[in-house]
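This report goes through one protein chain, from its overall make-up to selected residues and internal spaces. The sequence and the model come first.

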Amino acid sequence: MIKSEWFFWLVGAVFLIMAAQMFTDRTNPKRHGTAVFWGLLGACFFYSTWVNEKAAPAEPLGVAVLVLICVGGFNLTGKGKPETTTEKQRVQLAARFGGKLFIPALTIPLVAMVCAVLVAKWKIGGTPVLEEGSETILGLGLGAVVALGVGMWVLRERRVSVPLHAGRGLLESMGWALLLPQLLAVLGAIFQAAGVGTQVRKITESILPDGQLLAAVALYCAGMFVFTVIMGNAFAAFPVMTAAVGWPVLVEQMNGNAACVLAVGMLAGFCGTLCTPMAANFNLVPAALLELKDQYGPIKAQAPSAVALLGCNIAIIYFFAF
C-alpha cells in the first residue's frame, strides 16, 4: 500500500534540502531567517507523523506554528539569487520548446485522474495499492513526481539540482504567503468548533424579518462574501455561514433547493476571494511572481467583477432555488 504519509515526508524532505540551500546562499541578506522558516516547516512534516500516531505530543507543532508566524510576521525572511537561467535564456528556451512547455503541467492532473479513477480500484492480495481515503492526494503527489521527470526529459535536463534551485527561487518569491491557505483553513475549523456559526444563526434569527426571502438570501451571500474576505478561503467560510443561515433558514424554514442554495452560496464566497489579500495564493503571490509594482493590483482589477457576480449569485438563488 502506498501511504499518504510517504508523500508528506517527500514534501518535508524537499523543504529541508531547500532550507540548506538557503542557509548557504550569501546573496540572501536574510538567509538565516529564511532557512529557519522553511527548515522548521519541513521538520513539521516528519514530526506530524508521530503526532498522528499518538507517539509524540502535539504541543511542539503549535509552538512551531507560532515561530513560523513570528519569523514571517517580523519580515525575517528574504530572497536570494539561486542558480538559474537569465531572462534572455528563458525567452530563447520558450521560443525553442514552444507548446511542449505545457506537457509537465498537464501531466499532473492526468496522473491524478488516473490514480483517482483507475489505480484506486487496484488491489494486490486484497490490499489496495493506494491508501483508502487518500487516493486524490496521492494522485496529486505522484503526478508531481512524474511531471518532474517528464519536465526534465522534455527540457533535456539531467541535473536534479536545477529543479531544486528553481523551486527554491519560487519558495523565496512567495515567502510566508504560501502557508496562508493552510492556516486559514485551520481558522475555519476553529471557528466551527467554537460555535461561531451557531452564534451567527442566533443573531440572524433575531434581526431577520419573518418571511423576507430576498433579505435572507442577500444575508447568506453577503455573509459568505464577508467571511471569505476575513478568512481568505471560501471553504473556511462555508461551514460557518451555512450553519448560520444557509441550511436552517433558506433550506429548512423556506424550503429552498439545498443543492442550488449551497452551491451558489459557495460561489458567493469565491467573490470574496477576489477581493481579499488574505487569499494570498490567488492575489498576492501572482503579484510577487510577476513583480507588479502594485501588490494589490489583482484585487483592484477583480473587485468590480466580484461585486457584479455577487449580485448575480443573489439573483440566481432567489429566482431558481425556491
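Which residues does the UniProt annotation "transmembrane region" cover? According to the record, an unreviewed entry, the annotation covers residues 6–23, 63–80, 101–124, 136–155, 176–194, 214–247, 259–282 and 302–321. The model discussed here is a predicted one.

**Overall make-up**

The secondary structure of the protein chain consists of 14 helices and 2 strands. Its C-alpha trace spans about 65 × 60 × 45 Å along the principal axes. The chain has 322 residues, of which 39% count as buried. When contacts between residues at least 6 apart in sequence are considered, 72% of them join residues at least 24 apart.

Two of the annotated spans can be set against the model. Residues 63–80 are 61% helix and 0% strand, and the C-alpha atoms at the ends of this span lie 27 Å apart. For residues 136–155 the helix content is 95% and the strand content 0%, with 28 Å between the end C-alpha atoms.

**Two loop residues with positive phi**

Most residues other than glycine have a negative phi. Asparagine 75 has a positive value, with phi near 55°. Asparagine 75 lies in the loop between helix 3 and helix 4 (87–97). Arginine 156 also has a positive phi, near 60°, and is found in the loop between helix 6 (135–154) and helix 7.

Are these two residues buried or exposed? Asparagine 75 has a relative accessible area of 47%, so it counts as partly exposed. Arginine 156 counts as exposed because its relative accessibility is 58%, and the cut-off for exposed is over 50%.

**Two buried residues**

Threonine 242 sits in helix 11 (residues 234–253), within the annotated span 214–247. Its relative accessible area is 9%, so threonine 242 counts as buried. Which side chain makes a polar contact with the side chain of threonine 242? The partner is the side chain of tyrosine 220, at 3.2 Å. Leaving aside residues up to four places away in sequence, threonine 242 touches Tyr220, Trp247, Pro248 and Leu262. Tyr220 therefore appears both in this list of contacts and as the polar partner, under the contact cut-off of 4.5 Å and the polar cut-off of 3.5 Å.

Leucine 179 is in the loop between helix 7 and helix 8 (180–193). Although it lies in a loop, leucine 179 is buried, because its relative accessible area of 13% falls under the 20% limit. Beyond residues up to four places away in sequence, leucine 179 touches Phe37, Leu41 and Leu68. The C-alpha atoms of leucine 179 and valine 226 are separated by 21 Å, with the two positions 47 residues apart along the chain.

The four residues are set out below.

| Residue | Location | Relative accessible area |
|---|---|---|
| Asparagine 75 | loop between helix 3 and helix 4 | 47% |
| Arginine 156 | loop between helix 6 and helix 7 | 58% |
| Leucine 179 | loop between helix 7 and helix 8 | 13% |
| Threonine 242 | helix 11 | 9% |

**Cavity and pocket**

How many cavities of 30 Å³ or more does a search of the whole structure find? The search finds 1. The largest cavity holds about 30 Å³ of space. Its lining is made up of Thr34, Phe37, Trp38, Thr77, Gly78, Leu171, Glu172, Gly175 and Trp176. Helix 2 (31–52) and helix 7 are the elements that give two or more residues to this lining, and helix 2 gives the most, with 3 residues. By class, the cavity lining has 4 nonpolar residues, 4 polar and 1 charged. Phe37 of this lining is also one of the residues that leucine 179 touches.

The second largest pocket has a volume of about 310 Å³. It is lined by 18 residues, and those closest to its centre are Ser173, Met174, Gly175, Trp176 and Ala177. Gly175 and Trp176 are thus named for the pocket and for the lining of the largest cavity, where a lining residue has an atom within 4 Å of a point. Helix 3 (59–73), helix 7 (161–174) and helix 13 (280–289) each supply at least two residues of the pocket lining. Helix 13 has the largest share, 4 residues. The pocket lining divides into 8 nonpolar, 8 polar and 2 charged residues.

Key:
Residues numbered from 1 in each chain as written. Predicted model: local features only at pLDDT ≥ 70, side-chain atom pairs only at ≥ 80, totals over all residues. Heavy atoms only, no water. Buried < 20%, exposed > 50% of the residue type's maximum accessible area, 1.4 Å probe, protein only. Polar contact = N/O pair within 3.5 Å; in protein donor to acceptor, adjacent residues only side chain to side chain. UniProt positions renumbered as here; feature names shortened; annotations may be inferred. 1 Å grid on protein atoms, 1.4 Å probe; cavity = no way out; pocket = protein on both sides within 12 Å on 5 of 7 lines; lining within 4 Å. Points joined across faces, edges and corners; volume = space filled by probe spheres on them. Nonpolar A, V, L, I, M, F, W, Y, C, P; charged D, E, K, R; others polar.
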